[in-house]
Structures are given as C-alpha cells and as structure tokens.
Amino acid sequence: LAGVDAVVDRATLTQTQLLASIPPALRSADLQRAARELSNPSQSESSARRLQLLVGVLSEVELLQNHNHVVRELIDPGTGQRREMDVVYLGLARGYAVSPDNMSAAAGIPNDTGWRWSTLDASAGSAIRALVRILNEEQPPALVSIPMVGNFPEVQP
C-alpha cells in the first residue's frame with residue numbers, strides 16, 4: 001500500500017485528460033463530483049478512498065465507451081456557429097450530429113480539449129437521422145451507412 005499514492009497521482013493526471021474527451025452531455029453529476037474530488041484531494045483523504053474514487057471514475061468511463069448515446073446539444077458543426085443538433089455518440093470514439101431539419105450534418109472526434117466537429121455533406125443528414133431514430137427505438141433496426149471520419153492508418157498487406 002505504500003506505493004498506492006504515487007499510482008493514484010499518476011492515474012489522476014491521465015484521468016483528467018481522459019475526461020476532456022467525454023462530451024459534457026454525457027458527464028453525470030457523480031462522474032464530475034468524483035473527478036473533482038480526485039483532482040483536489042483533501043489532506044484527510046485516505047489512499048483507499050482516492051483509489052475507490054479512481055476506480056469509480058474509470059468504471060463510469062468504461063460504461064460510456066461501451067454504449068451508444070443520443071442527446072440533443074449545442075455544437076459547432078465546423079461553421080463557427082453553435083447550433084442545436086441531435087447527436088449520436090458511438091461510445092467515446094465518434095460522434096455524428098444532424099440538425100432538426102436534416103439539412104446540416106457533422107461528424108466529430110475527440111481530441112485533447114474536447115470534440116472537434118467537421119461539416120458533412122447534407123446528404124449524410126438523412127442517414128444520421130435514421131441512426132437517431134433507430135437508437136431511440138422510433139424505427140426498427142436497419143443497416144445505416146454513415147461516413148467514417150478521422151485519421152485511419154493504411155493497412156499494409
């Protein structure tokens with residue numbers, strides 16, 4: 001147990017960076033509280049308590065990573081102006097957004113400071129809307145083709 005504080009300190013730094021990639025709409029009050037307590041421990045916090053907080057934060061992040069989420073939030077779809085959009089987060093790796101009229105679409109990827117959104121062709125709006133409806137159980141499951149975004153390394157034969 002003597003080395004637990006050093007391990008928790010290192011993991012807390014990593015966890016702070018990790019939390020930047022979690023969209024605000026997906027951050028629960030418990031996750032934010034635990035992250036604050038970890039980042040600003042009181043002198044009376046025991047190593048065991050800090051370790052419990054760290055495991056709790058990582059468990060909640062894992063749950064977010066392993067599920068898809070649909071939320072409505074204000075984002076900048078790469079135009080310089082924030083707009084209310086329906087957003088589908090595929091775990092914590094990719095996001096797709098569509099405006100209420102389906103005329104504007106965007107794709108997002110996490111980075112060190114949050115999420116970077118880029119505008120998609122307007123034709124992607126109907127596919128993303130279908131994905132929103134499927135995840136909200138408003139229509140039956142179906143295959144939906146959505147554009148892949150991000151940096152993908154070339155596969156060498």
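How many salt bridges does the structure hold? The structure holds 3 salt bridges, a salt bridge being a side-chain nitrogen of Lys or Arg within 4 Å of a carboxyl oxygen of Asp or Glu. The model is predicted, so local features need pLDDT of at least 70 and side-chain atom pairs count only at pLDDT 80 or more, while totals for chains, interfaces and linings use all residues. Residues are numbered from 1 along each chain as its sequence is written, and side-chain values use heavy atoms, with hydrogens and water left out.

## The salt bridges

The pairs are set out here with the separation of their N and O atoms.

| Salt bridge | N to O separation |
|---|---|
| Asp-86 and Arg-72 | 2.9 Å |
| Asp-101 and Arg-83 | 3.7 Å |
| Arg-129 and Asp-86 | 2.6 Å |

In general terms, side chains of opposite charge can pair when their charged atoms come close.

The side chains of Asp-86 and Arg-72 meet in a salt bridge. Because Asp-86 lies in strand β2 and Arg-72 in strand β1, this pair ties together parts that are 14 residues apart in sequence. Helices and strands are named here from DSSP runs (H or I over at least four residues for a helix, E over at least two for a strand) and are numbered from the N terminus. Arg-72 counts as partly exposed, because its relative accessibility is 46%; on this scale, buried means under 20% relative accessible area, exposed means over 50%, and partly exposed is in between, with a 1.4 Å probe and protein chains only.

A salt bridge also joins Arg-129 to Asp-86. Here Arg-129 lies in helix α4 (residues 124–135) and Asp-86 in strand β2, so the pair ties together parts that are 43 residues apart in sequence. Arg-129 is buried, with a relative accessible area of 8%, and Asp-86 is buried as well, at 7% relative accessibility. Arg-72, Asp-86 and Arg-129 are thus linked in a network of salt bridges.

The remaining table entry is the salt bridge of Asp-101 with Arg-83. Asp-101 lies in the loop between β3 (94–98) and β4 (105–111) and Arg-83 in strand β2, so this pair ties together parts that are 18 residues apart in sequence. Asp-101 is partly exposed at 43% relative accessibility, and Arg-83 is partly exposed at 33%.

## The surroundings of Asp-86 and Asp-76

The side chain of Asp-86 also makes a polar contact of 2.9 Å with the side chain of Arg-72, and a polar contact of 2.6 Å joins the side chains of Asp-86 and Arg-129. A polar contact is a pair of N or O atoms within 3.5 Å; within protein, one must be able to donate a hydrogen and the other to accept it, and residues adjacent in sequence count only if both atoms are side-chain atoms. Leaving aside residues up to four places away in sequence, Asp-86 touches Val-71, Arg-72, Tyr-96, Ala-97, Val-98, Arg-129 and Val-132, where contact means heavy atoms within 4.5 Å.

Asp-76 has its place in the loop between β1 (68–75) and β2 (83–90), and it counts as partly exposed at 30% relative accessibility. The side chain of Asp-76 reaches the backbone nitrogen of Thr-79 at 2.9 Å, and that side chain reaches the backbone nitrogen of Gly-80 at 2.9 Å. Not counting residues up to four places away in sequence, Asp-76 touches Gln-81, Arg-82 and Trp-117.

## Helix packing

Helix α2 (residues 29–39) and helix α3 (residues 47–65) pack at an angle of about 140°, with their axes 9 Å apart. The axes are lines fitted to C-alpha atoms, for helices over the stretch in contact, and the angles run from 0 to 180 degrees between N-to-C directions. The helices α2 and α3 are therefore oblique to each other, since angles under 35 degrees count as roughly parallel, over 145 as roughly antiparallel, 65 to 115 as roughly perpendicular and the rest as oblique. Among the residues that meet are Leu-31, Ala-35 and Leu-38 in α2 and Leu-53, Val-57 and Leu-64 in α3.

Helix α1 (residues 4–20) and α2 pack at an angle of about 135°, with their axes 10 Å apart, and α1 and α2 are therefore oblique to each other. The contact is made by Val-8, Thr-12, Gln-15, Thr-16 and Leu-19 of α1 and Leu-31, Ala-35, Leu-38 and Ser-39 of α2.
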